[in-house]
Amino acid sequence: MSPQVAGQLELLGQVLISGILLGGLYSLIGLGMSLIMGVMKIINLAHGELMMVAMYITFWAFTLAKIDPYVSLLIVFPLMFLLGVSVQKFLLTPVMEADTVLPQNQVLLTVGLGLVLSNLALLLFTANYRSVPVSYASKTIYWDLKLGGQTISLSFSYPFLLAFGIAGVLGASLFLFLAKTDTGRMIRATAQDKRAAALMGINTKRITYITFGLGAALVGAAGALLDPVYYLYPQIGGPFTNKAFVITILGGLGDIPGAVLGGLVLGLAESLGSVYISLGYKDAFGFIIFVLVLIFMPRGLLGRGRA
């Protein structure tokens, strides 16, 4: 193998690693939106703003109490769950139960909620960019691979690798929760047929509270994991709401395993496109795939979502 070929393989391997690690975090963001979509049949357009709230909680926990961002998950997850339950109980449920000409006005409510959260953060914390300066932010793990007589050196960002592992544990825990617990089975039953679930004695209103709480907690956990590697500012939520929506469509509306695949596809598309085409069009590649999936695979990449 020539040095030129080895160099190209090294670059490709590095890009794939970066895309997979980023895609794992995207999957965690998409899981929350897909879970809410599956049970409540709405797109939560305040999803990214909820993540922004969790990022500020993580930032202030580190700034005031020196709590590591990954340790702060123990604080962020339950707080965001309670916030999600409160939003569903006191804001979304009254709107969803009201008789109105516009049956999907709960979607408009999530848009308003997102605006309130982002502008409240702007008022309280200003538009300044902030970061969590952990000691391991620039730490890198190297792996040398012998291939065809050449040495290919690959690097792994320690914060991204650690965040990817935690995201994987949270994702697996969600699957086990949905598959093995009574509450998880009730969530799946409500997602399949809410009226039939109610007839079987399931408290579907309580299930919607839990579902929105879990969705908020998952995206909150993603925010805590992203804090060491992303700058924080009040409007950071908007782009991530868009990414979560793209992931939900790629995976198929309401399809939980599909959301994981959608996140990985989006991460790989952004990583490959930014290196081999142009960094300036990084966000465009995901939307191109999004449009193609809508046209040719309206049920998502796995073909199991709702068209």
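Biologist: What makes the nonpolar surface patch here, and how much area does it have?

Modeller: In this predicted model, the patch covers about 980 Å². Its members are Val5, Leu9, Leu11, Leu12, Leu16, Ile20, Trp143, Leu145, Leu147, Val275, Tyr276 and Ile277.

Biologist: Which elements each supply at least two residues of that patch?

Modeller: Helix H1 (3-40), strand E1 (140-147) and helix H10 do. H1 gives the most, with 6 residues.

Biologist: Let's pick one member, isoleucine 20, which lies in helix H1. Why is isoleucine 20 called partly exposed?

Modeller: Its relative accessibility is 37%. Partly exposed covers values between the buried limit of 20% and the exposed limit of 50%, so isoleucine 20 belongs in that class.

Biologist: Where else does Ile20 turn up?

Modeller: Ile20 is also among the H1 residues that meet helix H5. Its companions from H1 include Leu21, Leu22, Gly24 and Leu25, while the H5 side includes Phe160, Leu161, Ala163 and Phe164.

Biologist: How do H1 and H5 pack?

Modeller: H1 and H5 (residues 158-180) pack at an angle of about 35 degrees, with their axes 8 Å apart. Their crossing is left-handed.

Biologist: Which helices make a right-handed crossing?

Modeller: H2 and H3 do. The axes of H2 (residues 47-65) and H3 (residues 73-97) come within 10 Å and cross at roughly 140 degrees. Leu50, Val53, Ala54, Ile57 and Thr58 of H2 make the contact with Val76, Leu79, Met80 and Leu83 of H3.

Biologist: Back to H10, which spans residues 256-276 and holds glutamate 270. Why is glutamate 270 called buried?

Modeller: Buried means under 20% relative accessible area. Glutamate 270 has 2%, so the label fits.

Biologist: What does glutamate 270 touch, not counting residues up to four places away in sequence?

Modeller: Glutamate 270 touches Leu22, Tyr26, Lys243, Lys282 and Asp283.

Biologist: How do you know that Lys282 counts as partly exposed?

Modeller: Lysine 282 sits in helix H11 (residues 282-296) and has 27% relative accessibility. That value is not under 20%, as buried would need, nor over 50%, as exposed would need, so lysine 282 is partly exposed.

Biologist: What is lysine 282 in contact with, leaving aside its neighbours within four places in sequence?

Modeller: Glu270 and Ser274.

Biologist: And how far is lysine 282 from glycine 251?

Modeller: They are 31 residues apart in sequence and 20 Å apart in space, C-alpha to C-alpha.

Key:
Residues are numbered from 1 along each chain as its sequence is written. This is a predicted model: local features need pLDDT of at least 70, side-chain atom pairs count only at pLDDT 80 or more; totals for chains, interfaces and linings use all residues. Side-chain values use heavy atoms; hydrogens and water are left out. Helices (H or I, at least four residues) and strands (E, at least two) are DSSP runs, numbered from the N terminus. Buried means under 20% relative accessible area, exposed over 50%, partly exposed in between (1.4 Å probe, protein chains only). Contact means heavy atoms within 4.5 Å. Patches are made of residues with over 30% relative accessible area and no salt bridge: like charges are joined within 9 Å, nonpolar side chains (Val, Leu, Ile, Met, Phe, Trp, Tyr) within 5 Å. Accessible areas come from the Shrake-Rupley method with a 1.4 Å probe; for residues, only the protein chains shown count as cover. A salt bridge is a side-chain nitrogen of Lys or Arg within 4 Å of a carboxyl oxygen of Asp or Glu. Axes are lines fitted to C-alpha atoms, for helices over the stretch in contact, and angles run from 0 to 180 degrees between N-to-C directions. A crossing is left-handed if the near helix is turned anticlockwise from the far one by less than a right angle, and right-handed if clockwise.
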